[in-house]
There are 2 protein chains.
Amino acid sequence: MDNTGYRTGSFEGLHHSSDDDELVDIAGATLDFSSTEDVPPLSSGSYEEQTDSGRPSSSMNGSGPGGSGGPGGSRCVDPLEDPAPGVGTYEDFNTIDWVREKSKDRDRHREITSKSRQSTMAFLSSVSDAFSGWLLMLLVGLMSGALAGGIDISAHWLTDMKEGVCLNGFWFNHEHCCWTSNETTFQERDKCPQWKSWAELMAGTNEGPFAYILNYLMYMFWALLFSFLAVILVRAFAPYACGSGIPEIKTILSGFIIRGYLGKWTLIIKTITLVLAVSSGLSLGKEGPLVHVACCCANILCHLFTKYRKNEAKRREVLSAAAAVGVSVAFGAPIGGVLFSLEEVSYYFPLKTLWRSFFAALVAAFTLRSINPFGNSRLVLFYVEFHAPWHLLELAPFILLGIFGGLWGALFIKANIAWCRRRKTTRLGHYPIVEVLVVAGFTALVSFPNSYTRMSGAELISELFNDCSLLDSSQLCGYKQQPANLSETGVGNTLADRPADQGLYTALWQLSLALLFKMMVTVVTFGMKVPSGLFIPSMAVGAIAGRLLGVGMEQLAYYNHDWFIFKGWCSPGADCITPGLYAMVGAAACLGGVTRMTVSLVVIMFELTGGLEYIVPLMAATMTSKWVADAFGREGIYEAHIRLNGYPFLEPKEEFAHNSLAVDVMRPRRSDPALTVLTQDGMTVGEVESLVESTHYSGFPVVVSQESQRLVGFVLRRDLLISIDNARQRQEGVVSASQVVFTEHAQSQHADDAPPPMRLRSILDLSPFTVTDHTPMDITVDIFRKLGLRQCLVTHNGWSSLGRWDMPTTVSPCVSMLDCVSMRLHTVSPSVSMLDCVSMRLHTVSPCVSMLDCVSMRLHVRL
Amino acid sequence: MDNTGYRTGSFEGLHHSSDDDELVDIAGATLDFSSTEDVPPLSSGSYEEQTDSGRPSSSMNGSGPGGSGGPGGSRCVDPLEDPAPGVGTYEDFNTIDWVREKSKDRDRHREITSKSRQSTMAFLSSVSDAFSGWLLMLLVGLMSGALAGGIDISAHWLTDMKEGVCLNGFWFNHEHCCWTSNETTFQERDKCPQWKSWAELMAGTNEGPFAYILNYLMYMFWALLFSFLAVILVRAFAPYACGSGIPEIKTILSGFIIRGYLGKWTLIIKTITLVLAVSSGLSLGKEGPLVHVACCCANILCHLFTKYRKNEAKRREVLSAAAAVGVSVAFGAPIGGVLFSLEEVSYYFPLKTLWRSFFAALVAAFTLRSINPFGNSRLVLFYVEFHAPWHLLELAPFILLGIFGGLWGALFIKANIAWCRRRKTTRLGHYPIVEVLVVAGFTALVSFPNSYTRMSGAELISELFNDCSLLDSSQLCGYKQQPANLSETGVGNTLADRPADQGLYTALWQLSLALLFKMMVTVVTFGMKVPSGLFIPSMAVGAIAGRLLGVGMEQLAYYNHDWFIFKGWCSPGADCITPGLYAMVGAAACLGGVTRMTVSLVVIMFELTGGLEYIVPLMAATMTSKWVADAFGREGIYEAHIRLNGYPFLEPKEEFAHNSLAVDVMRPRRSDPALTVLTQDGMTVGEVESLVESTHYSGFPVVVSQESQRLVGFVLRRDLLISIDNARQRQEGVVSASQVVFTEHAQSQHADDAPPPMRLRSILDLSPFTVTDHTPMDITVDIFRKLGLRQCLVTHNGWSSLGRWDMPTTVSPCVSMLDCVSMRLHTVSPSVSMLDCVSMRLHTVSPCVSMLDCVSMRLHVRL
């Protein structure tokens with residue numbers, strides 16, 4: 001099943017948009033996604049589109065209109081110095097330069113502001129520009145909310161389809177089907193004549209072993225069909241649509257470019273396959289993929305606004321907000337969503353984004369509510385309301401749950417990563433469709449007999465969170481009916497602790513089995529080639545564990561209410577333990593252990609319950625869970641998958657532990673040949689071209705001269721190649737013997753019969769970031785993180801410290817140690833081959849940006 | 001009333017802790033606060049304390065243990081190179097170096113981690129170190145919660161004291177007094193025989209004009225007494241205790257040092273005077289001061305933990321959390337508090353702080369709840385619960401309220417700043433006590449006749465937010481009793497719209513007058529020399545306006561329910577308009593207009609109501625309010641006060657609008673004499689000393705030699721002076737003729753009869769931040785903001801761009817343009833004299849750090 005797919009994007013083909021190609025070769029059929037209307041913004045931000053973006057690097061060159069001291073005027077004098085089209089754009093699998101992008105946006109903003117004073121039209125356009133961000137947020141919220149509503153409704157319908165069909169119309173789900181029926185009683189609201197199980201429909205009866213087996217087989221059939229459709233659609237149309245998407249979105253938000261990851265095809269396929277995957281009964285949730293879907297919406301909508309289409313940094317602000325939107329619609333928790341985006345996903349999150357994210361999250365939540373997918377005016381299936389307070393002593397079991405959650409989280413991450421690595425390195429990974437079918441079949445096989453695994457994850461959680469009232473018909477509420485306590489009021493008594501009945505014991509057994517099953521099957525499910533979220537399965541595991549502990553505590557308290565620990569608050573007939581609360585705390589603990597979310601998790605749970613009261617148990621469990629899990633490894637599941645896939649991601653939270661200096665990590669090493677530099681004048685076009693050809697560095701420092709290596713600026717390989725190519729085509733007299741001049745005023749010696757010089761000052765970054773060779777690496781990494789640098793040059797200006805390198809104390813060149821420091825230093829996996837799930841034309845970010853190169857690998861489409 | 005106060009802190013006195021002195025000379029009495037136990041952490045972070053902090057700048061010097069390439073080993077060989085005590089600390093009114101502080105903390109952390117593997121004790125101490133942050137947060141939460149509870153109870157009691165006294169015990173407030181009474185009915189729960197108004201107590205009756213005048217006089221007497229006590233206490237013991245404190249805390253969090261601002265005396269005095277000021281009936285709130293109180297608690301508790309005591313950056317993390325705690329206890333909104341800290345107050349807010357802030361805010365909220373200051377198990381006086389939904393068309397009046405809020409906010413800021421400037425520049429400011437008494441007297445005089453101004457701000461807001469039920473006895477609920485609508489259910493009808501009665505009309509008139517009065521008096525109140533918060537007065541203004549509009553809408557809808565806009569949802573007998581909601585929206589709009597808070601404001605309001613439903617109206621109003629207010633000026637009240645007071649604060653949100661380059665703003669200017677530099681060897685101690693004496697720069701670049709000005713490092717004036725002083729005292733043979741050597745290995749020429757050289761490499765910062773002269777200022781400002789730099793050197797390495805400065809094209813020195821860029825550039829007011837409210841020994845941050853100097857001004861204590 002090895003398919004060679006993507007064409008290699010070489011520099012020669014740079015001008016022919018070859019890097020927009022999306023050839024996916026599957027089973028012999030070559031699908032070309034690169035037709036014009038298929039290219040979503042993030043995948044089409046190549047230089048053809050960005051050609052008209054004005055002066056992309058003008059402020060970097062200090063030649064903006066207001067720069068009183070800069071060489072501002074020279075622009076108009078020499079039109080040839082205007083950067084060529086394509087300068088300032090990025091290739092796929094490259095990292096963006098945040099500083100440059102933000103400069104670009106500031107220039108654009110300044111231009112609009114200065115123009116707006118001149119005419120009314122310009123003023124109006126500046127106003128519309130200012131409000132375009134809000135409009136975009138509104139659209140993102142509306143679109144994501146609508147999609148989430150559609151996904152919820154479809155998934156509900158397809159899930160019920162596995163069990164039966166509605167005679168009034170096959171498009172009704174079970175609940176909806178029975179609403180319309182008059183024959184439904186409150187006690188048996190799930191049963192109505194219109195809803196027929198498959199056995200009833202086919203064999204006419206729902207009783208007996210034959211009907212059971214028939215239902216069983218139909219359940220398995222639908223599960224296999226749905227999962228097969230999901231995996232085949234992903235494989236055929238959008239390989240990027242698999243998984244949860246959060247690791248990749250984190251990477252994209254940190255500044256990496258993955259063309260097509262947030263494109264139109266990904267959106268369509270992910271939406272459809274998400275419904276199928278959830279309905280197939282696999283142990284996965286829709287929360288992570290919803291974040292991906294929201295980000296796709298945002299990216300596509302960015303296309304409508306020049307401001308966002310043309311600026312990678314601005315677009316990432318919108319994507320951060322979209323991540324908040326995704327969680328907002330997944331849990332009906334707008335504030336939690338914003339905090340999730342801030343805490344877990346985003347890299348660069350200015351305060352303006354916070355406010356806009358919140359707006360978008362709210363819009364999405366209200367759109368979803370007006371669609372009302374669950375028919376209960378709630379945003380989520382498991383809205384809960386507890387009435388009983390909790391006791392301080394209950395913190396002990398809550399912390400126990402936290403420990404369980406932490407252990408489970410750590411274990412899950414280790415097991416899942418080991419399994420995913422196995423998938424990448426062994427033949428297992430060559431059969432994604434078979435894998436999905438096997439897992440789906442096994443899941444369906446085991447799930448059906450147990451009612452707690454047969455229901456969907458969200459329903460299970462909803463039932464576990466639920467507080468039992470006397471009228472509740474659930475098996476989990478199978479308590480013995482107490483004789484009415486005469487001394488108590490009837491109202492308080494409906495919630496009082498009662499002894500467990502046989503029904504509850506059965507339920508507990510089933511729950512224990514479900515727990516074991518869910519724990520195992522989730523490990524192999526997450527990471528398969530279908531859209532798969534992790535929130536719901538993790539929460540389900542925790543909720544089961546919590547409910548078991550809660551019921552245990554309840555019975556313990558009921559039978560031993562005279563123990564001194566229960567004495568204070570557990571008198572007979574009183575309601576002292578709420579098992580539903582335990583389930584919720586357990587769910588939070590397990591989710592916290594897996595994702596290492598903290599504030600956002602607690603706030604999401606707070607928004608689910610609405611009570612400030614229950615924050616403390618949640619917090620205790622989440623904190624414990626995080627500490628316990630961190631003791632086994634500091635990475636959450638998303639970071640682990642980022643590392644597994646070798647994405648270049650510089651974790652913003654992580655502390656840099658080493659104590660090295662910039663001089664220790666810079667390239668070239670001391671033993672390497674000296675740094676390749678360009679001189680600001682004196683080199684010919686031919687020399688520059690051969691130098692660029694002979695190396696694969698993605699950028700070159702420009703120095704005063706080879707003897708006095710004083711730094712003038714930095715020029716990117718891509719910009720250089722594009723400019724030379726452009727000049728050769730358009731500018732007369734540019735031959736290989738032409739001088740390349742980076743200075744502002746060309747020296748006069750070229751006046752003789754030499755060809756006119758080629759001026760490249762406009763593409764020269766005159767303010768490259770430099771650090772001294774003695775800068776500690778933790779400070780350097782901090783600079784990279786906070787400013788979003790792409791590269792950094794290392795300078796050495798004094799010579800005294802050179803002694804220990806056995807250099808003679810002579811006048812060493814000023815910038816001789818000039819070199820660049822590793823960017824995204826410690827997340828770089830040494831071997832970046834074999835990316836699974838997505839086939840990428842990968843730009844390996846080697847530990848040093850001076851070595852940074854666009855290795856056009858012919859990667860195997862291993863899907 | 002000009003009092004000269006603070007002693008000047010000169011460099012000569014540096015070793016004698018003179019900069020810890022807090023001499024406040026008031027009315028002839030000199031109080032010395034500088035006894036040992038009075039010195040709070042932030043005011044005692046001077047170098048005596050930090051002596052044992054190990055190698056404060058070791059990582060900056062690249063000599064950490066793991067630095068393989070650094071000059072690591074030299075430390076042990078030459079013990080004299082250890083930095084002298086005091087090196088690496090800051091003077092008062094200086095800006096901290098975030099990079100250095102963070103490096104210090106990382107070194108400390110690494111040391112503890114590496115030690116922890118060696119012994120069990122060390123491991124335990126590393127664990128306790130890791131948990132000390134959480135313990136500190138717990139303590140901050142407990143202490144702040146307890147103090148807030150105390151403040152609430154005392155303020156309630158003293159406020160009631162203005163009207164009367166409880167016979168059961170004078171320490172009962174009105175409500176508490178009547179709780180214990182059996183004779184209280186539900187309808188007249190405010191009246192009980194135990195509670196006597198002053199007229200009843202003194203004249204025996206509460207009827208008639210005499211009793212009214214007697215009550216009036218007693219009310220004014222108490223108001224004047226409380227305000228007099230407040231202002232005199234502030235003046236006498238803690239001038240820093242005045243105002244809201246939020247502008248100063250923002251400045252401190254951005255890295256400025258104001259010793260004593262968060263000290264013990266400030267805490268004690270602010271707590272007491274806050275109670276007095278609130279009780280005096282002045283138009284001020286306790287929310288802002290509570291943030292200050294919480295920060296004082298945090299700062300004092302930091303003293304208990306070495307980790308936080310010795311590191312200015314770490315301490316600021318705790319202070320950020322404390323700001324969240326302050327808002328949490330003020331509004332019972334922990335999430336809102338954290339977002340407030342993130343959005344409004346904090347400068348450097350890592351994610352770890354987010355989680356800890358949340359923890360501390362929760363602890364504080366629960367401490368406050370367990371104190372139960374309002375007797376209703378609620379955290380705040382104005383918890384509200386609405387039942388009716390709002391209609392989409394109601395967004396129009398909500399947006400109107402937003403416009404009102406924005407206009408009021410902009411107007412308030414302009415008026416208040418004008419008034420405060422007047423206070424600073426005219427003789428008005430010389431009589432703070434008289435000012436407070438006049439304002440308090442006027443407020444009391446006007447407030448008493450109007451019941452809505454007589455009650456405290458929080459009570460007023462609570463009443464305005466309240467939804468009228470049929471049983472409500474408030475005047476605002478003076479609707480005509482409707483005959484029971486037979487067609488409707490009784491329950492739904494209790495909240496139905498009803499026509500206004502005479503009582504309501506009276507209330508509306510009184511409210512209108514109260515609105516005008518509040519609007520005027522708040523302008524002159526905020527900024528007086530008493531603790532004064534702005535949240536409650538702003539919210540009161542907005543709530544009144546909102547309630548007026550709400551009642552108006554309600555009556556309009558009642559009488560015109562057949563208009564097509566009301567037709568949909570305002571049938572007779574239905575509850576279609578909730579005036580309380582309008583009040584809440586108005587309050588949010590006005591608060592938003594004044595402070596320009598956005599997310600945090602909405603979240604605080606959300607936490608007050610608990611309903612997701614009402615976020616949309618709140619958001620619409622807040623957004624409108626911010627946009628309207630921003631159109632008149634982008635500064636919120638806190639930023640305006642920061643600018644008014646000339647604090648060095650680099651606004652993180654503001655965009656840098658200019659288009660200049662680093663070369664344009666660096667010092668020295670082109671016309672100035674060349675930059676003063678030290679050479680790495682060849683200078684004698686005497687030369688260095690005279691150079692330092694003759695200039696007032698706070699730091700000097702160290703270059704290779706005067707001819708080849710290549711940058712080696714940067715040395716701070718303070719470190720240099722301390723080290724030389726220390727060496728002269730302790731090291732033998734250091735005389736004025738001794739060579740000062742910054743190199744790692746001293747040259748051999750000093751072997752002859754010359755005195756041994758003095759090595760200062762340990763205080764040399766080998767990795768100073770540099771930018772090229774062509775770096776745009778917006779990027780430079782970004783670097784300053786994000787990394788928290790103190791200074792930045794400007795280098796010029798190529799000479800080509802020098803042409804326009806008419807320099808010959810010769811080999812200009814490599815670092816000749818070396819200079820430093822303005823730090824905190826655009827917030828620097830040109831004249832920094834006359835700080836009001838607090839008397840500071842001010843460090844003027846001149847536009848250039850190379851000019852940065854510790855001007856020890858003998859500022860007038862103008863309090």
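Here is a short walk through this predicted model, stop by stop.

**Colour by confidence.** Before zooming in, take in the whole complex, to which the predictor gives an ipTM of 0.79 and a pTM of 0.81. Then colour chain A by pLDDT: its mean is 74, and 72% of its residues reach 70 or more. Now select residues 484-494 of chain A, where the pLDDT is below 50 and the stretch has 7 contacts in the model beyond near neighbours in sequence. Move on to residues 798-863 of chain A, also a stretch with pLDDT below 50. Beyond near neighbours in sequence, this second stretch has 212 contacts in the model. A word of care here: where pLDDT is low, the predicted coordinates should not be read in detail.

**Show the nonpolar patch.** Next, select A:Met121, A:Phe123, A:Leu124, A:Val127, A:Phe131 and B:Trp627, and turn on the surface; together they make a nonpolar patch of about 570 Å². Which helix gives the most to this patch? That is helix H3 of chain A, residues 120-161, with 5 residues. Pause on A:Val127, which lies in H3 of chain A and is partly exposed, with a relative accessible area of 31%. While you look along the helix, remember that an α-helix has 3.6 residues a turn, so residues three or four places apart point the same way.

**Follow helix H19.** Finally, select residues 502-525 of chain A, which form helix H19 with its 24 residues. From first C-alpha to last, H19 of chain A reaches 34 Å, close to the 34 Å expected at 1.5 Å a residue. Step just past the end of H19 to A:Gly527, and you will find a positive phi of about 115°.

Conventions. Residues numbered from 1 in each chain as written. Chains lettered and ligands numbered in written order. Predicted model: local features only at pLDDT ≥ 70, side-chain atom pairs only at ≥ 80, totals over all residues. Heavy atoms only, no water. Patch = residues over 30% accessible without salt bridge, like charges linked within 9 Å, V, L, I, M, F, W, Y side chains within 5 Å. Areas by Shrake-Rupley, 256 points an atom, 1.4 Å probe, with all protein chains shown as cover. Salt bridge = Lys/Arg side-chain N within 4 Å of Asp/Glu carboxyl O. Helix = DSSP H or I, 4+ residues; strand = E, 2+ residues; numbered from the N terminus. Buried < 20%, exposed > 50% of the residue type's maximum accessible area, 1.4 Å probe, protein only. Expected span 1.5 Å × (residues − 1). pLDDT = per-residue confidence, 0-100. Contact = heavy atoms within 4.5 Å.
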